[in-house]
Amino acid sequence: MDITIVGGGIAGLAVAHELAPDHDVTVLESSPGPRGGGYMIDFFGPGFVAAERMGVIDELRSRGHVFDGVRYGLPDGSQSGTIDAAPLVEAAGGRYFSILRPEVELGLLAQLPSTVDLRYDVRVVGVRDISSERAAVTTADGDVLESDLVIACDGVRSPIREHVAPGHGEILPMGYRAASYLFEDPQLANDLGERMLMTDTIQHVGWLYAADAARVGVMFSERVDRTSTDRPVPDPTRLQRDFGGLHPQIDQALTHAPDSFYDDLVAQSCAPRWSRGRVVLAGDAAHAPSLLAGQGTSLAIAGAEALARGLRAAGPHVEVGLAEYERSWRPTAEKVRRSGRLSASAFIPATTFQLRLQQLGRRAIGLPGVSHLVTRQFIAA
């Protein structure tokens, strides 16, 4: 088949990797090249197992890192607690590491078959059915690309989702906003060491970690009005105003805020159907669990494998393959999405009372047997 993939991020590259041996694959990515910046994610769960089967796990692991854990910091700079990563790694059977999201993309690019036609700086503005067996996308330059199958891997704000599932094109905001960037500061990277910093604060929370020996990554998240779906405009002055005073090292990171950085609402996507004719959704376009759920990358890679497996088993019966992909993969994606809704508030306590409960919970994790139980539940979520 001729297959057009809209979106050259993690989901799009994973799908291309799996389909290229059997099909002619073209990937259209709107950005001018691989995306930089980004934030640290924990890679585990179904995506780890899928990456092993795909033969890309060694490449990804070489770009990742296992931190010792997290330390919690108060505005005066003191430490209020720690959580060790070792039980989490053990519960995952060693199938766990942290990695910058852009490094996942670069790792998949390094393993991408040479037959894939990857085109950057191409923005898709429309999709339509041509017949029961063909679909076409239109680019911003007016080009029309016809193919046997169009796979939308264009993220949680996918414009194609409305075509596949009318009335479900909008994101589902969760009442949070997140921003992140990387910056050079070897001294701060050294001071942070092998533990991530998370501020023990309410309403506004900051994370800080050493991305490598010279670079530091920072993420900010806050509670916001959940009725708006508009993409925020990055503003370093706003960051300094809203997140200053959370912790001395966070204040230091704020002095490095660039003019442009990742800044968006924490949101999910929901579509009652993932395919229509010869157009199908994958990755966050189909089932974004949200940034705070922590498994979007894992789901993107495992979902790509599930889509390829369904198509491969169905042979020429494409619609059967798409139906099998949704039947087999939707329960897992929905489980993680539900977990994301339940766990998001744990990252950003709304009141001092909620913060105190979280602090008590962290102390309880150190009790015999509790740590093992909690980490097992986290891995299974």
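Begin by selecting strand E14 (residues 204-210) and strand E15, which pair in the antiparallel sense over 7 bridges. The model on screen is a predicted one. In this pair, Val205 has Ser221 of E15 as its bridge partner. The two strands E14 and E15 make a hairpin, with 4 residues between them.

Keep E15 selected and add strand E12 (residues 172-184). E12 also pairs with E15 in the antiparallel sense, over 9 bridges. Ala179 is the residue to label here, as it stands opposite Phe220 in E15. Is E15 mostly covered or mostly exposed? Strand E15 runs over residues 215-223, and 7 of its 9 residues are buried, so it is mostly covered.

**The second largest pocket**

Next, select His65, Phe67, Ala210, Ala211 and Asp212. Among the 14 residues that line the second largest pocket, these lie nearest its centre. The volume of this pocket is about 160 Å³. Which strand gives the most to its lining? Add strand E6 (residues 97-100), which contributes 3 residues.

**Glu105**

Now go to helix H5 (residues 101-110) and pick out Glu105, which has its place there. Glu105 counts as buried because its relative accessibility is 3%, and the cut-off for buried is under 20%. To see what surrounds Glu105, show Gly8, Gly9, Ile10, Leu13, Pro34 and Arg35; Glu105 is in contact with these residues once its neighbours within four places in sequence are left aside.

**The sheet of 6 strands**

Ile10 and Leu13 are in contact with Glu105, and helix H1 covers residues 10-19. Select H1 together with strand E1 (2-6), strand E2 (24-28), E7 and strand E11 (149-152): the helix lies across these strands, and runs at about 165° to E1.

Then bring in the whole sheet. Its 6 strands form an open sheet with mixed pairing, and the order to follow is E7-E2-E1-E11-E18-E17. Which strands are at the edges? They are strand E7 (117-119) and strand E17 (275-276), each of which pairs on one side only. At the E17 end, zoom in on strand E18 (residues 279-281), which pairs with E17 in the antiparallel sense over 2 bridges. There, Ser275 has Val280 in E18 as its bridge partner.

**The sheet of 3 strands**

Move on to E8, E9 and E10. In that order, E8-E9-E10, they form an open sheet of 3 strands with antiparallel pairing. Strand E8 (124-131) and strand E10 (144-147) each have a single partner strand, so each edge strand has one side without a neighbour in the sheet. From one strand to the next, the twist averages 20°. Select E8 with strand E9 (residues 134-139) to see antiparallel pairing over 6 bridges. Label Arg128 and its bridge partner in E9, Ala136.

**Helix H11**

For the last stop, select helix H11 (residues 296-314) and put a distance between its end C-alpha atoms. They are 27 Å apart, and this agrees with the span of 27 Å that 19 residues should give at 1.5 Å a residue. Why is H11 described as largely enclosed by the rest of the structure? Colour its 19 residues by accessibility: 15 of them are buried, so the helix is largely enclosed. Finish at Gly315, just after H11, which takes a positive phi of about 60°.

Note on methods: Residues numbered from 1 in each chain as written. Predicted model: local features only at pLDDT ≥ 70, side-chain atom pairs only at ≥ 80, totals over all residues. Heavy atoms only, no water. Pairing = 2+ DSSP bridges. Contact = heavy atoms within 4.5 Å. Axes fitted to C-alpha atoms, helices over the stretch in contact; angles between N-to-C directions. Expected span 1.5 Å × (residues − 1). Buried < 20%, exposed > 50% of the residue type's maximum accessible area, 1.4 Å probe, protein only. 1 Å grid on protein atoms, 1.4 Å probe; cavity = no way out; pocket = protein on both sides within 12 Å on 5 of 7 lines; lining within 4 Å. Points joined across faces, edges and corners; volume = space filled by probe spheres on them.
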